Amino acid sequence: MEQQEFTITAYTENHVGLLHRITIIFTKRKINIESLTTSESETEGIHRFTIAVTETEETVQKVVKQIEKQVEVLKAGYYKKKEVVQQELALYKLRTDSLTNGLEVERIVREHGARFLTIEKEFVVIEKAGYKRETKALFDELKTYDIIEFVRSGRIAVSREQYGLGRQVAELLATEVV
Amino acid sequence: MGTVEAPTKKKSDNSTKTERISGSEAVARILAEEGVEIAFGYPGGAIMPVYDALYDHQDEIQHVLARHEQGAIHAAQGYARASGKVGVCLATSGPGATNLITGIADAQIDSTPLVCITGQVASSLLGSDAFQECDVIGISMPVTKWNYQVTRAEEIPEALAKAFYIARSGRPGPVLVDITKDAQFDQLDFRYDKCTHLRSYVPVPKLDHSKVKEAAELINNAKRPYVLFGQGVILANAEDEFKQFIEKTGIPSAWTIMGLSALDTDHPLNVGMLGMHGNYGPNLLTNECDVLIAIGMRFDDRVTGNLSKYAKQAKVIHLEIDPAEIDKNVKTEVAVLGDAKESLTELIKHVKPNSHDEWLQKFRDCDKLEHEKVIQEELNPTSDILSMGEVIKLINKYTNGDAILVTDVGQHQMVACRYTKFNKSKSNITSGGLGTMGFGLPAALGAALGEPDRKVICVVGDGGFQMTLQELATIYQTQAKVKVLLLNNEFLGMVRQWQQLFFEKRYSSTELINPDFQTIAKGFYIPTNKVTERRNLEEAIKEFVESDSAYFLEVMVGKENNVFPMVPSGSGVAEIRLE
């Protein structure tokens with residue numbers, strides 16, 4: 001089976017240590033996590049993991065079952081590339097004087113739909129949200145201006161279904177006796 | 001990550017009155033409340049407040065002082081497996097906690113319910129590399145079903161309530177609760193509500209009746225159906241339903257080592273043992289059945305051999321409680337998720353009475369061949385050298401299949417499991433998944449304390465016995481009636497067998513120059529005997545089985561005997577070798 005890009009989503013309790021419990025499922029199988037993001041979800045008190053991997057679907061299925069098996073995980077699922085709307089955020093720090101050699105940098109920023117987050121005396125910070133190839137394309141163009149710092153966030157993604165796993169989680173919680 | 005309110009729990013209608021007590025007193029009261037009669041452990045600095053509290057609860061909770069934490073946890077495992085209750089194990093921080101890890105990993109892979117409580121340095125010292133500090137939460141995470149660190153006394157009731165609930169519900173497993181020393185000392189307003197529900201946890205999947213019907217349909221139309229059963233039958237207390245199911249359908253049934261004793265050895269539909277050293281027919285005919293019905297087993301590689309040559313012709317039905325086991329190793333046609341007792345009860349209603357005499361006869365024919373090639377000589381050797389099999393045969397003669405068999409890991413384990421007779425469930429205790437040498441002796445102690453009215457026969461090899469033999473002291477101290485049968489071949493026999501067969505007899509570090517085991521056992525005040533010749537064997541075994549105390553019997557067996565049949569590593573089940 002061919003390896004492809006997958007986004008794994010898990011809705012969980014927000015407990016200390018759960019991050020480790022989930023990542024060791026990948027470590028045990030020597031699977032590289034390309035990115036991992038944890039955040040709040042649409043439901044109060046419920047946390048959400050978004051994990052990006054390139055693997056075979058069969059392996060991803062097994063991993064997702066192991067994630068869902070964890071006591072503090074409510075639901076877990078996986079999506080192929082076309083089944084999610086996804087974004088990453090990148091920050092680029094450049095010397096301010098790189099802006100003074102004509103309007104090149106400004107033009108690049110505009111064309112890439114990026115923006116200046118801050119302009120200080122010594123440096124500027126440019127922000128760009130998009131697919132990895134888009135933030136990478138901007139990186140490649142800015143490279144000639146000496147990027148002092150670059151960072152890209154992990155992938156975040158929502159499913160292209162009207163109601164994804166979140167609906168199942170909400171239904172599950174609705175049956176709870178408090 | 002931050003903290004949020006703990007998962008909701010169904011509140012019972014108990015009164016809301018509380019009492020001001022220490023965290024350690026709360027631990028002791030909770031153990032009593034959860035019905036814990038015996039706890040195994042070893043004290044040390046960071047767990048001392050709990051031990052101090054246990055001093056006041058000796059009437060309710062017997063504490064068994066092992067001689068090493070690994071002994072304590074294997075004893076807790078043996079106790080849990082024999083009694084069906086949750087095993088409880090206590091240890092201090094640092095080395096105390098790390099010494100539990102092998103047993104926790106063993107319990108995890110063999111689905112044994114355990115609650116481990118470890119002491120931890122004071123919360124103010126966490127992360128400072130304090131004396132005997134160790135990140136036991138991090139270390140135990142890959143091998144526990146759940147774990148939690150308590151840093152405040154008021155967390156203790158809820159943490160332990162969850163621990164017992166998670167350990168024993170669904171597919172059972174080990175949990176660990178690490179309690180900082182200050183949380184043990186501090187006071188809390190105590191009240192205890194048992195946990196019966198967690199919103200993020202589904203211990204038993206809801207049975208899908210349409211899947212039961214699909215499974216029944218396949219079974220009803222099968223010409224050569226074949227049942228493989230594992231420990232899931234025992235853990236679900238589904239032995240009766242299982243028997244009704246196979247008797248109604250007339251399906252030949254083979255067991256994994258963890259499923260052994262769920263069905264009487266002499267049952268006409270019990271066709272024997274699966275796997276690498278299992279019986280000939282059960283392995284060979286796996287590749288001839290048309291419908292394979294796996295019940296509470298997980299297709300371990302020691303059972304399946306090479307998966308690309310495993311039961312490719314068969315449609316597979318899998319009755320299983322853990323969704324993560326479905327399609328993990330073997331692709332399933334119909335998965336029936338649920339508790340084995342409930343699933344089988346429903347399935348029985350939909351299957352038609354049947355018999356498969358011709359198909360069953362194939363197993364008998366294979367048995368005949370295996371008997372001629374292997375079993376006859378193993379049980380009735382023609383040479384003067386004693387075999388492990390003939391010893392087990394005599395054990396059967398005097399126990400009548402009533403005893404609990406506890407084994408260590410290696411050749412003796414395979415021989416004992418192959419030839420011991422059982423007529424009662426929960427009677428085979430062994431380290432199946434992890435293959436932990438040193439498991440046997442302490443596990444037998446736990447089993448004897450968990451089932452004091454039953455005979456416990458502990459079969460060990462000379463290798464594994466030396467890994468935990470210090471627990472003879474615990475056997476002496478508790479006066480547990482463990483009968484230790486040492487099958488001494490002066491070798492790490494299983495490794496030696498592989499060296500003979502696959503490494504050109506290069507016996508690298510497998511020969512054992514042993515101590516005088518008789519003197520050792522005597523040093524622990526345990527009655528001993530040693531047999532080197534056949535003429536003394538039966539009398540010795542009779543005395544061994546019938547003695548009313550702990551007993552140590554050493555039998556010198558053939559140094560270079562091999563266990564057959566054998567499915568060599570990497571081969572398909574049908575490539576099983578008889579010699």
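Before looking at strand pairing, I note that two strands pair if DSSP finds at least two bridges between them. I also keep in mind that I am reading a predicted model.

**Entry: strand β7 and its partners**

With that rule in hand, I looked up strand β5 of chain B, residues 114-120, and found that β5 and β7(B) pair in the parallel sense over 7 bridges. Within this pairing I located B:Q120, which stands opposite B:T180 in β7(B). I then turned to strand β6 of chain B, residues 146-150, which pairs with β7(B) in the parallel sense too, over 5 bridges. Here B:V150 is the residue that stands opposite B:I179 of β7(B).

Are the residues of β7 buried or exposed? I found that 7 of the 7 residues of this strand, 174-180 of chain B, are buried, so β7 is largely enclosed by the rest of the structure. Looking at the faces separately, I listed B:P174, B:L176, B:D178 and B:T180 on one side, with B:V175, B:V177 and B:I179 on the other, and both faces are covered.

**Entry: an open sheet in chain B**

Next I followed a sheet of 6 strands in chain B, which is open, has parallel pairing and runs in the order β11-β10-β9-β12-β13-β14. Which strands stand at the edges? They are β11 (270-273) and β14 (334-337) of chain B, and each has a single partner strand, so one side of each is left without a neighbour in the sheet. I also noted that neighbouring strands of this sheet are turned by 20° against each other on average, with direction ignored.

Inside the sheet I picked out one pairing, where strand β12 (residues 291-295) and strand β13 (residues 315-320) of chain B run parallel and are joined by 5 bridges. In this pairing B:V291 stands opposite B:K315 of β13(B).

**Entry: nonpolar cores**

I searched for the largest nonpolar core and found that it has 185 residues, with B:C89 and B:C458 having the most contacts inside it. Helix α7 of chain B, residues 156-168, gives this core its largest share, 8 residues. Apart from this core lies another, of 25 residues, among them A:V53, A:V63, A:V73 and A:V169.

I then looked more closely at B:C89, leaving aside its neighbours within four places in sequence, and found it in contact with residues including B:F40, B:A72, B:I73, B:L100 and B:C116.

**Entry: helix α23**

In helix α23 of chain B, residues 537-546, I found the buried residues to be B:I541, B:F544 and B:V545. They cover an arc of only 90° around the axis, which puts them on the same side of α23(B). What do these buried residues pack against? I traced them to α16 (388-399), β18 (482-488), β19 (528-531) and β20 (551-556) of chain B. On the face turned away from the buried side, I noted the exposed residues B:E539 and B:E546.

**Entry: chain B as a whole**

Stepping back, I counted 23 helices and 20 strands in chain B. Its C-alpha atoms fill a box of roughly 70 × 65 × 40 Å, taken along the principal axes. A compact globule with 579 residues would have a radius of gyration near 25 Å, and chain B has 24 Å, which agrees. I recorded that 56% of the 579 residues of chain B count as buried. Finally, among contacts in chain B between residues at least 6 apart in sequence, I found that 78% join residues at least 24 apart.

Notes
Residues numbered from 1 in each chain as written. Chains lettered and ligands numbered in written order. Predicted model: local features only at pLDDT ≥ 70, side-chain atom pairs only at ≥ 80, totals over all residues. Helix = DSSP H or I, 4+ residues; strand = E, 2+ residues; numbered from the N terminus. Axes fitted to C-alpha atoms, helices over the stretch in contact; angles between N-to-C directions. Core = buried A, V, L, I, M, F, W, Y, C linked by C-beta atoms within 7 Å. Buried ≥ 20, exposed ≤ 12 C-beta atoms within 10 Å, placed from the backbone. Contact = placed C-beta atoms within 7 Å. Arc of directions from axis to C-beta. Rg over C-alpha atoms; globule rule 2.2 N^0.38 Å.
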